[in-house]
Amino acid sequence: MKPCTRCGECCHREVCPLGIEFSGSSIAPCRALEESNGLHSCGLVTNTSRFFDLGGSEKWRYDFMSEQLRAIFGFGRGCDSVLAEAAK
């Protein structure tokens, strides 16, 4: 698998189980998909405090949640998008 290009194509095509749980919808694009300077990321991972209330404002809570979500779902781990490859 090639490195993630942060094109966002995967989240434009399909909503992952976490996205469905968060938004209550399986209709793509995912509502948690965020874009900044042409790069896409999962807001549930990169902007955790915006989407989750972990019962406190301590940064470590949200950092821990972000790390766990990244590990479990593999966000940013790799890219299998044909469209991303064609854009290079």
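Let's start with one small residue: not counting residues up to four places away in sequence, S66 touches V45 and T48. Keep in mind as you look around that this is a predicted model. You'll find S66 in helix α5, which covers residues 59-73. Is S66 buried or exposed? Its relative accessibility is 10%, and buried means under 20%, so S66 counts as buried. One of its two partners comes up again when you look at polar atoms: the backbone oxygen of V45 sits 2.6 Å from a polar atom of the S66 side chain. So V45 is a residue that S66 touches, and the atoms behind the 2.6 Å distance belong to the backbone of V45 and the side chain of S66.

Now zoom out to the whole chain. It has 6 helices and 2 strands. Read along the sequence, they come in the pattern α-α-β-β-α-α-α-α. Trace that pattern with your finger on the structure and you'll have a map for everything that follows. How much of the chain is buried? Of its 88 residues, 32% count as buried. The chain exposes about 6000 Å², and carbon and sulfur atoms supply 54% of that area. You can also ask how far apart in sequence the touching residues are. Take the contacts between residues at least 6 apart in sequence: 42% of them join residues at least 24 apart.

Next stop, the aromatic rings. The structure holds 2 aromatic pairs. In one of them, the ring centres of F22 and F51 are 4.9 Å apart and the planes are at 85°; an angle over 60 degrees counts as edge-to-face, so that is what this pair is. Where do the two rings come from? F22 is in helix α2 and F51 is in helix α4 (residues 48-51), so the pair ties together parts that are 29 residues apart in sequence. Their surroundings can be compared with two numbers. F22 is partly exposed, with a relative accessible area of 32%, while F51 counts as buried at 14% relative accessibility. The other pair is F73 with F75, and it is stacked, with 5.6 Å from centre to centre and 20° between the planes. Here F73 is partly exposed at a relative accessible area of 33%, and F75 is buried at 17%.

Stay with helix α2 for a moment, as S23 is there too. S23 counts as buried, with 18% relative accessibility. Its side chain has a polar atom 3.2 Å from the backbone nitrogen of S25. Compare that with S66, where the backbone atom was the oxygen of V45.

Now for some unusual backbone. Most residues other than glycine have a negative phi, and most peptide bonds are trans. Which residues have a positive phi without being glycine? R6 is one of them, with a phi of about 60°, and N37 is another, with a phi near 55°. R6 is in the segment before α1 (9-13), and it is partly exposed, with a relative accessible area of 35%. N37 is in the loop between β1 and β2 (39-42). With a relative accessible area of 78%, N37 is exposed, because exposed means over 50%. And what about the peptide bonds? A cis peptide bond joins A28 and P29, with omega at about 5°. P29 is in the loop between α2 (17-23) and β1 (33-36).

Last, look for empty space. Rolling a probe the size of a water molecule over the atoms shows where such space is left. The largest pocket has a volume of about 720 Å³. Of the 32 residues that line it, the closest to its centre are C10, C11, G74, F75 and G76. You've already met F75, in the stacked pair with F73. Which elements each supply at least two residues of the lining? They are α1, β2, α3 (43-46) and α5. Helix α1 gives the most, with 4 residues. Helix α5 should sound familiar, as that's where S66 is found, the residue we began with.

Conventions: Residues numbered from 1 in each chain as written. Predicted model: local features only at pLDDT ≥ 70, side-chain atom pairs only at ≥ 80, totals over all residues. Heavy atoms only, no water. Buried < 20%, exposed > 50% of the residue type's maximum accessible area, 1.4 Å probe, protein only. Polar contact = N/O pair within 3.5 Å; in protein donor to acceptor, adjacent residues only side chain to side chain. Contact = heavy atoms within 4.5 Å. Phe/Tyr/Trp six-rings, centres within 6.5 Å; stacked < 30°, edge-to-face > 60°. Areas by Shrake-Rupley, 256 points an atom, 1.4 Å probe, with all protein chains shown as cover. 1 Å grid on protein atoms, 1.4 Å probe; cavity = no way out; pocket = protein on both sides within 12 Å on 5 of 7 lines; lining within 4 Å. Points joined across faces, edges and corners; volume = space filled by probe spheres on them.
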